[in-house]
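Here is a short report on a predicted model. Have the sequence and the 3D view open as you read.

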Amino acid sequence: MTSGNLLTDHPELYEARFPDPGRLAGRWAEDCLRRHGAGPAVLDLGCGTGRDAAHLHAAGRRVVGADLSGAMLAYARARHPGPRYVRADLRDFSFPTGAFDAVVCLDSALLYCHTNDDLDGFLASCRRSLAPGGLLVAEMRNGAYFLGRDGLLDTPRHNTLLWQGTSYRSVTTLHVDRTAQLLRRTRVWTADDGSAPVEQRSAWRLLLPQELRHFLASHGFAVLELHDGPGPRTEPPWQEGDLPAGPADADRLHVVARRTG
């Protein structure tokens with residue numbers, strides 16, 4: 001068995017596994033930016049395949065997409081042109097001071113900040129990169145959702161995907177590392193093309209709503225919205241015209257915060 005990340009190493013397979021033909025995530029982010037009067041310069045952190053960055057570009061914004069994965073960035077440049085794509089680590093990145101009117105961080109990318117130092121580095125970098133009054137828009141798993149919901153954990157879940165004539169099967173198991181405050185995931189991929197199984201191990205920080213408020217305030221951000229839905233990955237999903245609602249108890253967490261000072 002080999003190790004790696006089958007989806008991020010193969011961006012076209014990632015888009016097949018997580019299709020978004022209606023650009024729901026990008027539309028939701030644009031709606032947040034528009035409602036709160038964000039300027040045109042946007043940094044999409046953890047841009048992945050570039051779908052959301054390209055949607056924001058098509059909406060008239062000047063977009064920089066940033067990611068650590070060279071494969072994702074190459075795919076984004078080829079398949080979703082328009083934004084400028086650069087390699088950057090969201091835990092500590094450097095752009096000209098005040099270069100952006102908004103930072104967008106979708107699909108739990110922020111939760112790759114596993115430690116408090118990582119979160120401090122992310123928010124300090126965001127603050128430096130944002131103009132005064134700039135926005136941070138983020139969408140992620142909700143750590144509070146996993147409190148007491150043990151049925152979600154330690155039980156393998158199976159999924160299949162047919163892509164370009166090959167059938168892929170994944171077995172995914174989640175467990176909570178309470179000491180590190182991480183949701184850890186083990187996923188094993190097998191394919192019917194004779195290739196060796198691939199084991200992927202990943203983790204996300206389990207951030208609680210009040211904890212997130214504290215980190216934001218300590219870095220000079222005023223929270224404008226913090227809610228569990230509707231959003232691009234909620235059920236039912238966000239639709240045009242929907243406004244924030246919910247007590248931050250469901251499985252997704254959405255935040256809009258403004259840089260103060």
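**The second largest pocket**

Eight names make up this site. Gly143, Phe146, Leu147, Val176, Arg178, Gln181, Leu206 and Leu208 line the second largest pocket. The space inside comes to about 150 Å³. By class, five of the lining residues are nonpolar, two are polar and one is charged. Arg178 is the charged one, because Asp, Glu, Lys and Arg are the residues counted as charged. Gly143 goes with the polar residues, because Gly is counted there.

**The largest cavity**

How many cavities of 30 Å³ or more does the structure hold? The count is one. The largest cavity encloses about 40 Å³ of space. Its lining consists of Trp28, Asp31, Arg35, Glu225, His227, Pro230, Trp238, Asp242, Leu243 and Pro244. Five of these residues are nonpolar, one is polar and four are charged.

Which elements each supply at least two residues of this lining? They are helix H3 (24-35) and strand S11 (221-227). H3 gives the largest share, with three residues.

The two sites can be set out together:

| Site | Volume | Lining by class |
|---|---|---|
| Second largest pocket | about 150 Å³ | five nonpolar, two polar, one charged |
| Largest cavity | about 40 Å³ | five nonpolar, one polar, four charged |

**The S9-S10 hairpin**

Now turn to the strands. S9 covers residues 182-191 and runs antiparallel to S10, with eight bridges joining them. Arg185 has Ser202 in S10 as its bridge partner. Six residues lie between the two strands of this hairpin. In the hairpin, Gly194 takes a positive phi near 90°.

Is S10 mostly covered or mostly open? Strand S10 spans residues 198-205, and six of its eight residues are buried. The strand is therefore mostly covered, with buried meaning under 20% relative accessible area.

**The S3-S4 pair**

A second pair runs in the parallel sense. Strand S3 (residues 62-67) meets strand S4 (residues 84-87) over four bridges. One contact to find in the view is Val64, whose bridge partner in S4 is Arg84. Between the strands, the chain passes through helix H5, residues 70-79. What is the hand of this β-α-β crossover? The path from S3 through H5 to S4 is right-handed.

Notes:
Residues are numbered from 1 along each chain as its sequence is written. This is a predicted model: local features need pLDDT of at least 70, side-chain atom pairs count only at pLDDT 80 or more; totals for chains, interfaces and linings use all residues. Side-chain values use heavy atoms; hydrogens and water are left out. Buried means under 20% relative accessible area, exposed over 50%, partly exposed in between (1.4 Å probe, protein chains only). Two strands pair if DSSP finds at least two bridges between them. A crossover is right-handed if, with the strands pointing away from the viewer, the path from the first strand over the helix to the second runs clockwise. On a 1 Å grid over the protein atoms alone, a cavity is a set of points where a 1.4 Å probe fits but cannot get out, and a pocket is an open set with protein on both sides within 12 Å along at least five of seven lines; lining residues have an atom within 4 Å of a point. Grid points are joined across faces, edges and corners, and a volume is the space filled by probe spheres set on the points.
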